[in-house]
Amino acid sequence: MEKLIITAAICGAEVTKEQNPNVPYTVEEIVREAKSAVDAGAAIVHLHVREDDGTPTQSHKRFQECTDAIRKACPNVILIPSTGGAVGMSPDERLDSTNTNPIPEMATLDCGTCNFGDDIFDNTMPTMRAFGKRMIEKGIKPEYECFEMGHLDTILTMARKGEVPGNPMQFNFVLGVPGCTPATVDNLCWLVNKIPTGSTWTATGIGRHAFTLAAPAIVMGGNVRVGFEDNLYLERGVLAKSNGELVDKVVRMAKLLGRQVATSDEAREILSLKH
Ligand code: KMH
Ligand code: ZN
């Protein structure tokens, strides 16, 4: 089995300091959280950024500031900026996160419209085609985020048509968002069984499912994402003090289950990224 790639989704766009005071907003706080995650064993940081007051933004200037500062603290980490942004942002606004220098190695590409709590996360076919075109032109490898079962078929069809980058594809099955596919082992197996040979995948369990989905992903040979974007608690009733604490719990689970954890360079090999 390949080594386990751990991704830390350190910030998100929806969670707030009111929910957990350790959610980062400022550049300094974002670097602190990235470093805590990488020091604990994360090979990848999935990045959203905020204004100092916590407002989510996709401004490439803010992404530049944050990614430059993260690279100083964690020179080798793989950064996956969000192109999902926050619900309600326009497609152009969302894509601005990929306009940094250097261009990111990877970026998320969300695979369909879905409910998102009380909101709608809008990803129409034209939006996804535009995002796919941009990533093909710029040589950015997408992480295909599937929140619903049908999202997988949608993106596989688009890849077959050449509308988005194809094999080897990296999927992130984000399960347990209120209104979307529940975070069950059954649903995870259904999705994993349908991905093309040579693909890689990650499981993200939302809220209380963070670790109950991490465990099957570890034993099935997949990869794991945790972080404040997805879950604010280390265990029931105990707020996590940092993203590093959440990553450390996955590292400990992997050790108990006999799976080694990948460095960022090992993750680049596993994900077929160019060095
Ligand atoms: N903030 C969510 C609406 C992504 O990063 O690509 C979407 C999201 C997905 O977080
Ligand atoms: Zn995200």
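Here is a short walk through the metal site, the core and the empty spaces of this structure. Keep in mind that what you see is a predicted model.

Let's start with the zinc ion, ligand 2. Who holds it? The zinc ion is coordinated by His46 and His48, each through NE2, and by Glu229 through OE, at 2.1 to 2.2 Å. If you go looking for these donors in the sequence, the spacing reads H-x1-H-x180-E. So that's two histidines with one residue between them, and then a long gap before the glutamate. Look at where His48 and Glu229 sit: His48 is in the loop between β2 (44–47) and β3 (49–50), while Glu229 is in the loop between β12 (223–226) and β13 (233–235). They are 181 residues apart, and the pair links distant parts of the chain. His48 counts as buried, because its relative accessible area is 4%, and buried means under 20%.

Now stay with Glu229 for a second, because it turns up again in the largest pocket, where it is among the residues closest to the centre. That pocket has a volume of about 530 Å³. It is lined by 30 residues, and the other ones closest to its centre are Glu14, Phe116, Val177 and Ile206. Among the strands, β6 (106–110) and β8 (119–121) each supply at least two residues of the lining. By class, the lining of the largest pocket has 13 nonpolar, 10 polar and 7 charged residues.

The second largest pocket comes to about 310 Å³. Its lining has 21 residues, and Gly139, Ile140, Lys141, Leu273 and Lys274 are the closest to its centre. Here a helix joins in: α4 (125–138) and β9 (141–146) each give at least two lining residues. The split for this second pocket is 12 nonpolar, 5 polar and 4 charged.

Ile140 also brings us to Ile103. Besides Ile140, Ile103 is in contact with Thr98 and Lys138, if you leave aside neighbours within four places in sequence. You'll find Ile103 in the loop between α3 (91–95) and β6. Is Ile103 buried or exposed? Neither, really: Ile103 is partly exposed, with a relative accessible area of 37%.

On to the inside. The largest nonpolar core has 68 residues, and those with the most contacts inside it include Ile10, Leu47, Ile70 and Trp201. Take Leu47 as an example. Not counting residues up to four places away in sequence, Leu47 touches Ile10, Ile30, Phe63, Cys66, Thr67, Ile70, Ile80, Pro81 and Ser82. Apart from the largest core lies another one, of 11 residues, among them Ile5, Ala43, Ile44 and Ile78.

Last stop, the closed spaces. How many cavities of 30 Å³ or more are there? The count comes to 2. The largest cavity has a volume of about 70 Å³. Some of Leu47's contacts are there too: Phe63, Thr67 and Pro81 touch Leu47, and Phe63, Thr67 and Pro81 are among the residues that line this cavity. The helix α2 (60–73) and the strand β5 (78–81) each supply at least two lining residues, and α2 gives the most, with 4. The lining of the largest cavity divides into 5 nonpolar, 5 polar and 1 charged.

The second largest cavity is about 30 Å³. Its lining includes Ile5 and Ile44, which are also members of that 11-residue core. Among the others that line it are Glu143, Gln170 and Asn223. By class, its lining has 3 nonpolar, 4 polar and 1 charged residues.

Note on methods. Residues are numbered from 1 along each chain as its sequence is written. Chains are lettered from A and ligands numbered from 1 in the order in which they are written. This is a predicted model: local features need pLDDT of at least 70, side-chain atom pairs count only at pLDDT 80 or more; totals for chains, interfaces and linings use all residues. Side-chain values use heavy atoms; hydrogens and water are left out. On a 1 Å grid over the protein atoms alone, a cavity is a set of points where a 1.4 Å probe fits but cannot get out, and a pocket is an open set with protein on both sides within 12 Å along at least five of seven lines; lining residues have an atom within 4 Å of a point. Grid points are joined across faces, edges and corners, and a volume is the space filled by probe spheres set on the points. Ala, Val, Leu, Ile, Met, Phe, Trp, Tyr, Cys and Pro count as nonpolar, Asp, Glu, Lys and Arg as charged, and the others, Gly among them, as polar. Donors are N, O and S atoms within 2.8 Å of the metal (3.2 Å for Na, K and Ca); water is not among the atoms, so sites may look incomplete. Buried means under 20% relative accessible area, exposed over 50%, partly exposed in between (1.4 Å probe, protein chains only). Contact means heavy atoms within 4.5 Å. A nonpolar core is a set of buried Ala, Val, Leu, Ile, Met, Phe, Trp, Tyr and Cys residues joined through side-chain atoms within 4.5 Å.
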